[in-house]
Amino acid sequence: MAVYAAHLTRTLQGTPSVFQVTAQEALGSTVKPALRKLVEYLAAVYPNKCGWCTRWYHELYLLLDLCLQYHYLKHYAASFSECFYGLLRVPISPSSEFSSGPRLPQALERGSLALLVLVPYLRDKLEQLINQWREDLEDGRLGKTKLDQARKAAVKLYSIAHFVTESTKLIVLARYLTGKGEAPTLPLHILGLTLRDAPPEEPDENTWADFFRNMFNGQLGNAVVTFPMVWRVGSSAVEYGAFAVQLLRWWDARAPLALHALPPPPPPQKEERDARWLNVCPVCLQRWRVPTVLPVSGYVFCYTCISRHLRGAGACPVTRLPAAERELVRLYLDT
Ligand SMILES: [Zn+2]
């Protein structure tokens with residue numbers, strides 16, 4: 001009876017619009033490249049500590065994705081991005097209906113995990129390899145050996161397979177749009193699943209007041225209250241983090257500032273004082289000792305004169321342009 005009731009409530013849930021479906025797909029496909037940018041940045045800043053992260057990025061992401069998607073499939077019967085857009089997975093045929101409450105049947109849960117995590121990982125690895133062979137082919141580095149012939153064939157086969165999968169994806173989406181098909185995406189179609197709007201979340205019995213009361217009483221070990229609260233904070237952080245990585249990707253994709261499009265600055269005016277300080281330090285008016293240039297103004301000083309002056313005034317003694325000691329550049333002249 002309970003199973004039947006669960007089936008009724010689930011099939012009565014609303015059908016998500018194609019916009020929700022494509023939005024969740026877009027979110028799912030943005031996370032990996034965006035996180036890669038973050039890892040590449042860290043590797044560039046800390047090459048010793050994080051250099052290995054870029055080499056093993058695919059594997060690291062596989063691990064992270066596996067944990068994340070497993071958690072969401074287990075608790076919300078949806079992938080991370082589906083849950084983010086308030087959707088959940090439901091079997092199309094009522095015969096494979098739920099027997100374990102809100103969870104997906106185990107076979108479908110495992111299948112979902114494989115298609116969400118493992119297949120994209122293998123596809124990315126294969127794509128990497130095929131791209132390498134394609135470059136070799138275009139550069140004419142593939143010869144007449146059997147192995148090279150096989151590589152050429154693999155490149156062609158991959159192109160055909162890619163075309164077929166993309167077309168099938170379109171057909172599945174078109175069928176969903178016209179109401180002929182139940183599953184909006186190819187992986188869901190393969191698994192015999194569809195998406196529905198998730199029921200509204202039940203209000204949580206534990207409040208932050210309970211959490212802090214427990215903390216003050218030294219009962220943080222009270223797992224019944226603490227864990228769901230901490231977990232909720234963690235998962236919201238992951239969800240908002242997804243938006244942060246999308247922002248990061250947008251930031252990276254922006255066109256670089258077109259410096260050549262700006263008008264060139266006017267040539268510097270020749271001033272009288274330039275002639276006055278020809279080959280002498282403008283501070284001590286002597287021949288330079290350790291000639292040092294201040295790039296902001298272009299004047300050359302003795303190192304001791306200019307560094308002492310900058311420490312006190314923080315500006316070029318001639319032009320009054322703001323400057324710091326760290327900007328000084330030593331000149332190696334025959335003086
Ligand atoms: Zn000087």
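Helices (H or I, at least four residues) and strands (E, at least two) are DSSP runs, numbered here from the N terminus. With that settled, here are a few notes to go with the structure above.

1. **What you are looking at.** This is a predicted model, where local features need pLDDT of at least 70, side-chain atom pairs count only at pLDDT 80 or more, and totals for chains, interfaces and linings use all residues. Residues are numbered from 1 along each chain as its sequence is written, and side-chain values use heavy atoms, with hydrogens and water left out.

2. **Asp124.** You will find Asp124 in helix α6, which spans residues 106-138. Its relative accessibility is 17%, and Asp124 therefore counts as buried (under 20% relative accessible area; over 50% is exposed, and partly exposed lies in between, with a 1.4 Å probe and protein chains only). Leaving aside residues up to four places away in sequence, Asp124 touches Lys32 and His58; contact means heavy atoms within 4.5 Å.

3. **The zinc site.** Four sulfur atoms coordinate the zinc ion at 2.2 to 2.4 Å: the SG atoms of Cys281, Cys284, Cys302 and Cys305. Donors are N, O and S atoms within 2.8 Å of the metal (3.2 Å for Na, K and Ca), and because water is not among the atoms, sites may look incomplete. The donor residues follow the spacing C-x2-C-x17-C-x2-C. Cys281 sits in the loop between α11 (272-276) and β3, while Cys302 belongs to strand β4, so this pair ties together parts 21 residues apart in sequence.

4. **Geometry and burial at the zinc.** The angles between the four donor atoms run from 102 to 115°, which makes the arrangement tetrahedral (for four donors, all angles must lie between 85 and 135 degrees). Cys281 and Cys302 are both buried, and the relative accessible area of Cys281 is 0%.

5. **The sheet beside it.** Three strands form an open sheet in the order β4-β3-β5, paired antiparallel. β4 (300-302) and β5 (329-330) are at the edges with a single partner strand each, so one side of each has no neighbour in the sheet. Strands pair if DSSP finds at least two bridges between them; β3 (residues 291-293) and β4 have three. Within this pairing, Pro291 stands opposite Cys302 in β4.

6. **The helix across the sheet.** Helix α12 (residues 303-313) lies across β3 and β4, at about 95° to β4. Axes are lines fitted to C-alpha atoms, for helices over the stretch in contact, and angles run from 0 to 180 degrees between N-to-C directions.

7. **Disulfides.** The count is zero, taking a disulfide as a pair of cysteine sulfur atoms within 2.5 Å. Cys83 is buried, at 19% relative accessible area.

Key
Tetrahedral: all angles 85-135°; square planar, octahedral: opposite > 155°, others 65-115°.
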